[in-house]
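Student: Please take a close look at one part of this model, the packing of the helices at the start of the chain. I would like the geometry, the contacts and the burial in one connected account.

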Amino acid sequence: MVDLNDIAVFVRVAQFESFSRAAHALGMPVSTVSRKVSALEAELGVTLLQRTTRKLALTSQGRDYFNQCSEPLNLLFDAERVLTQTQKKPEGSLKISVPVALGQGPFLEFISDFMKNYPRIKIDLFITNVFLDLIAENVDVGIRFGELKDSTLIAKKLGNQVRYVVASSEYLKDRKPPIKPEDLKLHQCVLLNGKNGEAEWELLNGRKRARIRVSGPISSRDFQSVGTFVDRGHGVGFLPSTYCDDKIRKGELLRLLPDWTSEEVDVHTVYPRRDFLPSRLHVFLEALRAWKSPLWS
């Protein structure tokens, strides 16, 4: 089978009408250029170039072959140039998968700022609690909370999350605060991903562990809306410390069962393994690492 590299060398020689000038342009020894053209002629079984001591000229078959090869080669060079530029410049499409907890104001504002900083990058955002197969779905990068099961992905830790049991002073006005985890069964709770008005909260205190089935009037799929309903006095919440800390300092929320927290959950950014990282993905990962997220510390 004809070697495309030999064809590319032949096209350069034909364009320059000189082995030496083609060799200089290609960064090759003249002997290598001559050998490649000879190998191409031998493979095709035709003489492409008429060589004399004073002049180099295409044969009629060489002219026909040059006319047929030069345009496809130009297209290949253009494609290579586009890929190289895309790899080096932050541009092109970036597919991102995130859990529903991130599908709210802070993360969307982060994406908005990122797009303003890199206007040549187009974002395709998947907001779902389903752990997508990034390779099968052709997704560039995902954010995942908790244990990672897919060892074929590159994982970079963004931080961790721990949750507190909290309530507003409005909710607690006529209620006795819980003294032990089991007391939560007596309270209205604002649920994350609850089913049929119930959810299970797992609390840790050193080596002590408690699993409490709580219930409440409302459930949501993201922390932002859960936090809003907790703030407005609809029940006890189990919310990330990054969301609660400032509100606790200001007295807007009260921390209940202060010796108990959730298990610490790691947050990772994950992406398929690849030898060469596109610039658009590289700048996104850098921006994500620098972002002060309200959902992890």
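Tutor: What follows covers the helix packing, then the cores and a few single residues.

This is a predicted model: local features need pLDDT of at least 70, side-chain atom pairs count only at pLDDT 80 or more, and totals for chains, interfaces and linings use all residues. Residues are numbered from 1 along each chain as its sequence is written, and side-chain values use heavy atoms, with hydrogens and water left out.

Helices and strands here are DSSP runs, numbered from the N terminus (helices H or I, at least four residues; strands E, at least two). Two packed helices are described by the angle between their axes and the distance between the axes. Axes are lines fitted to C-alpha atoms, for helices over the stretch in contact, with angles from 0 to 180 degrees between N-to-C directions.

Start with H1 and H3. H1 spans residues 4-16 and H3 spans residues 30-44. Their axes come within 9 Å and cross at roughly 115°. H1 and H3 are therefore roughly perpendicular to each other. The classes are these: under 35 degrees is roughly parallel, over 145 roughly antiparallel, 65 to 115 roughly perpendicular, and the rest oblique. The crossing of H1 past H3 is left-handed, that is, the near helix is turned anticlockwise from the far one by less than a right angle; clockwise would be right-handed.

Which residues make this contact? H1 supplies Asp6, Ile7, Val9, Phe10 and Val13, and H3 supplies Val33, Lys36, Val37, Ala39 and Leu40. Contact means heavy atoms within 4.5 Å. These residues divide into 8 nonpolar, no polar and 2 charged. Ala, Val, Leu, Ile, Met, Phe, Trp, Tyr, Cys and Pro count as nonpolar, Asp, Glu, Lys and Arg as charged, and the others, Gly among them, as polar.

Asp6 deserves a closer look. Asp6 sits in helix H1. Asp6 is buried, at a relative accessible area of 10%. Buried means under 20% relative accessible area, exposed over 50%, and partly exposed in between (1.4 Å probe, protein chains only). Leaving out residues up to four places away in sequence, Asp6 touches Lys36, Ala39 and Leu40.

Now leave H1 by its loop. Glu17 lies between H1 and helix H2 (19-26). Its phi is near 55°, a positive value in a residue other than glycine. Glu17 is exposed, with a relative accessible area of 52%.

H2 also packs on H3. The angle is about 105°, with the axes 8 Å apart. That makes H2 roughly perpendicular to H3. Phe19, Ser20, Ala23 and Leu26 of H2 meet Val30, Val33, Ser34 and Val37 of H3. This contact divides into 6 nonpolar, 2 polar and no charged residues.

Next, the cores. A nonpolar core is a set of buried Ala, Val, Leu, Ile, Met, Phe, Trp, Tyr and Cys residues joined through side-chain atoms within 4.5 Å. The largest one has 36 residues, and those with the most contacts inside it include Leu102, Phe107 and Trp296. Helix H9 (residues 279-290) gives the most to this core, with 5 residues. A second, separate core of 20 residues includes Ile7, Val11, Phe19 and Leu73. Ile7 also appears in the H1 contact with H3, and Phe19 in the H2 contact with H3.
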